[in-house]
Amino acid sequence: MTSRPVSSHISRRRFIGGVVVGSGLLFFPRFSRAVDALAPSRKLGVALVGLGGYSTNQLGPALRQTQHCRLTGVVTGDRAKGKKWAHDYGFSEKNIFGYETIEQIAGNPDIDVIYIVTPNSLHAGHCIAAAKAGKHVICEKPMALSVAECDAMIAACKAAGVRLMIGYRLHYEPHHIELARLAHDKVFGAFMRMDGANGFLMRGTSADTGNWRANKKLAGGGPLMDMGVYVIQAACMAKVEAAPTAVTAHFGPVTRPELFSEVEESVRWEMEFSDGAKATCLATYAENLSRFRADAEGGWARLEQPAFYYDEPKLTTSKGAVHLPKVNHQAAQLDGMALELMTGQPSRAPGEMGRRDVAIIEAIYAAAKSGQRSTVQG
Ligand code: NAD
C-alpha cells in the first residue's frame with residue numbers, strides 16, 4: 001500500500017475497500033506499463049466524453065475539488081459548448097475533440113484518462129476508441145448493453161495496456177465502504193437476507209422526444225440498467241463481491257404507456273447466492289426511493305435517506321447509527337481512481353465488475369421475459 005493518504009481516516013477505509021475487492025480475486029488488476037509510468041506527483045488529466053447532465057452538474061464541478069486529477073479536455077458534438085468548457089475550466093481549445101476523433105487524443109500529453117459519460121448504448125464504441133488512443137478509461141454505469149460488448153471493451157483496454165474502470169462512485173463513499181467492511185469482516189456474520197430498491201419518478205414525454213432513458217436503442221433497457229445496477233452493486237458488496245448464481249424476476253405494471261412503450265417502468269427481482277443468501281430488489285421510474293438493508297444472524301445494516309443518490313447516505317446497524325465523513329461522491333471516486341492509477345493499486349471498480357453486473361442484468365431480463373428462473377452466466 002503505497003498511496004499517499006488523502007486523510008488518515010478516509011485512507012484507512014479506502015484501504016479496507018481495496019482489500020474487500022482484492023480478496024474476491026476476480027478483480028485483481030493487471031499492471032500495465034502505462035500505469036507504472038504515471039508519476040504520483042502530478043494531477044492526472046481527465047477528458048469527459050459527453051457534456052450532458054452528469055458531466056455538467058456533477059463530474060465537472062467535482063473535478064474542481066479533486067486533489068489528484070483535473071479536467072484537461074472534452075469530447076463533444078458541439079464545438080461551441082466545448083469552447084465554453086475550455087474557457088470555464090481553463091484548458092486549451094486544442095483539447096476539444098469530437099466523438100469521431102476520440103482516437104486522435106492519442107498524441108495529447110495533457111490527457112491521461114478518458115471518462116465516458118454518454119448514453120449507455122454508446123459506451124462500448126467510445127470506450128474502444130479511448131483505448132485505441134492509449135488512454136486509461138473510466139466508463140459510466142451500466143458498463144454496456146451486453147456481456148459481449150463488455151468483453152470487447154475489456155479486450156480493447158487489455159490490448160492497449162490501459163486500465164478500464166466503471167463509474168461506480170459508491171465504492172469510494174465511506175458509508176458504502178463501511179457496508180463492505182461489515183460484510184468482509186463478518187461483523188454480524190454473513191449477510192443472508194438483503195432487500196433493496198432504487199428509483200426516481202421519471203417525468204417527461206415519449207422515448208422519441210429526446211429522453212434517451214426511455215429509448216430502448218440508446219438506453220438498452222429501463223430502470224434496471226439505470227437504477228437497479230446500484231441495488232445489484234450493494235447486494236454483491238454485502239456478499240463480499242460474490243455474484244448471484246440465479247435470479248427470478250417480473251416486470252411491474254405500466255402506468256404511463258406513453259412514456260414506457262420501449263423500456264420497462266419498473267422491475268422486481270430476486271437474486272440467489274451460492275451460500276443460500278437471497279436479495280429481493282426493485283428498480284423503478286415510477287417513484288423516488290433509494291434504500292438497502294442486509295440481515296445476518298448476528299445483526300443488520302441499513303442504508304437509507306437515500307442509499308444511492310448523491311447525498312450523504314444514512315447508515316444504521318443493529319448496534320446503532322454509524323457516523324462517517326460526508327464526501328462529494330464524484331470527487332472521492334475521481335481522486336480514488338487517480339490514486340489507483342498513479343500507485344498501481346488494484347481498482348475497486350474495474351471493467352470485470354461492470355461485466356459481472358451486466359451479466360446479472362441480462363439474467364434478470366431473461367427471467368422477467370420468460371417467467372423462468374434464470375442462471376447468471378459467469
Ligand atoms: P444526458 O442526456 O444528460 O447527457 C448525455 C450526453 O451524451 C449529452 O451531452 C448528449 O449530447 C451526448 N450524446 C452523444 N451522442 C448522443 C446520442 N446519440 N444521443 C443522445 N445523446 C448523445 O445523460 P446523463 O444523465 O449525463 O447520463 C450519461 C451517462 O452517465 C449514462 O450512462 C448514465 O447512466 C450515467 N450517469 C451516471 C450517474 C452516476 O451517478 N454514476 C448519474 C447520472 C448519469
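The charged end of R64 sits over the ring of Y89, at 3.9 Å from the ring's centre. That is a handy way into this predicted model, since Y89 also has a ring partner. The rings of W85 and Y89 are stacked, because their centres are 5.2 Å apart and their planes meet at 20°, under the 30 degrees that stacking calls for. Both residues belong to helix α4, which runs over residues 79-89, and they sit 4 residues apart, or about one turn of the helix. As for their surroundings, W85 and Y89 are both buried.

Other rings join in elsewhere. The count of aromatic pairs comes to 6. Ring pairs also tie F200, F260 and Y285 together into a cluster. A second arginine turns up over a ring too: R293 lies over the face of W300, 4.5 Å from the ring centre.

Stepping back to the chain as a whole, its secondary structure adds up to 11 helices and 15 strands. There are 378 residues in the chain, and 58% of them count as buried. Taking the contacts with a separation of 6 or more, 70% are between residues 24 or more positions apart. Helix α7, residues 174-184, is a good example of burial: 9 of its 11 residues are buried, so the helix is largely enclosed by the rest of the structure. The buried set is P174, H175, H176, I177, E178, L179, A180, L182 and A183. Just after α7 comes K186, with a positive phi of about 50°.

Now for the empty spaces. The largest pocket holds about 660 Å³ of space. Its lining is made up of 29 residues, and G53, Y54, W212, R213 and Y310 are the ones nearest the centre. Two elements, α3 (53-62) and α9 (223-238), each give two or more residues to this lining. Helix α3 gives the most, with 5 residues. Sorted by class, the pocket lining has 13 nonpolar, 10 polar and 6 charged residues.

R213, one of the residues nearest the pocket centre, deserves a closer look. R213 is found in the loop between β7 (191-199) and α8 (216-219). With 30% relative accessibility, R213 counts as partly exposed, because that value falls between the 20% and 50% cut-offs. Leaving aside residues up to four places away in sequence, R213 touches F200, M202, A219, G221, D226, V263 and Y285. Among these, F200 and Y285 are also members of the ring cluster with F260. In sequence R213 and Y285 are 72 residues apart, yet their C-alpha atoms are 9.9 Å apart in space.

Closed spaces show up as well. The structure has 4 cavities of 30 Å³ or more, and the largest cavity has a volume of about 60 Å³. Lining this cavity are Y168, R169, L170, H171, H176, Y230, Q233, A234, M237 and F308. One of them, H176, is also on the list of buried residues of α7. The largest share of the cavity lining comes from α9, with 4 residues, and α9 is also one of the elements giving two or more residues to the lining of the largest pocket. By class, the cavity lining splits into 6 nonpolar, 3 polar and 1 charged residues.

Finally, the backbone has some oddities. Most residues other than glycine have a negative phi, and most peptide bonds are trans. Against that background, K141 and P142 are joined by a cis peptide bond, with omega at about -15°. P142 is placed in the loop between β5 (136-139) and α6 (147-160). Q305 and P306 are likewise joined by a cis peptide bond, with omega about -15°, and P306 lies in the loop between β12 (299-304) and β13 (314-317). Q305 has a further quirk: a positive phi of about 60°, although Q305 is not a glycine. At 58% relative accessibility, Q305 counts as exposed, because that is over the 50% cut-off. V240 also has a positive phi, about 55°, and is not a glycine either. V240 lies in the loop between α9 and β8 (246-251), and its relative accessibility of 21% makes V240 partly exposed.

Technical notes: Residues numbered from 1 in each chain as written. Predicted model: local features only at pLDDT ≥ 70, side-chain atom pairs only at ≥ 80, totals over all residues. Heavy atoms only, no water. 1 Å grid on protein atoms, 1.4 Å probe; cavity = no way out; pocket = protein on both sides within 12 Å on 5 of 7 lines; lining within 4 Å. Points joined across faces, edges and corners; volume = space filled by probe spheres on them. Nonpolar A, V, L, I, M, F, W, Y, C, P; charged D, E, K, R; others polar. Phe/Tyr/Trp six-rings, centres within 6.5 Å; stacked < 30°, edge-to-face > 60°. Buried < 20%, exposed > 50% of the residue type's maximum accessible area, 1.4 Å probe, protein only. Lys NZ or Arg CZ within 6 Å of the ring centre and 35° of its normal. Contact = heavy atoms within 4.5 Å.
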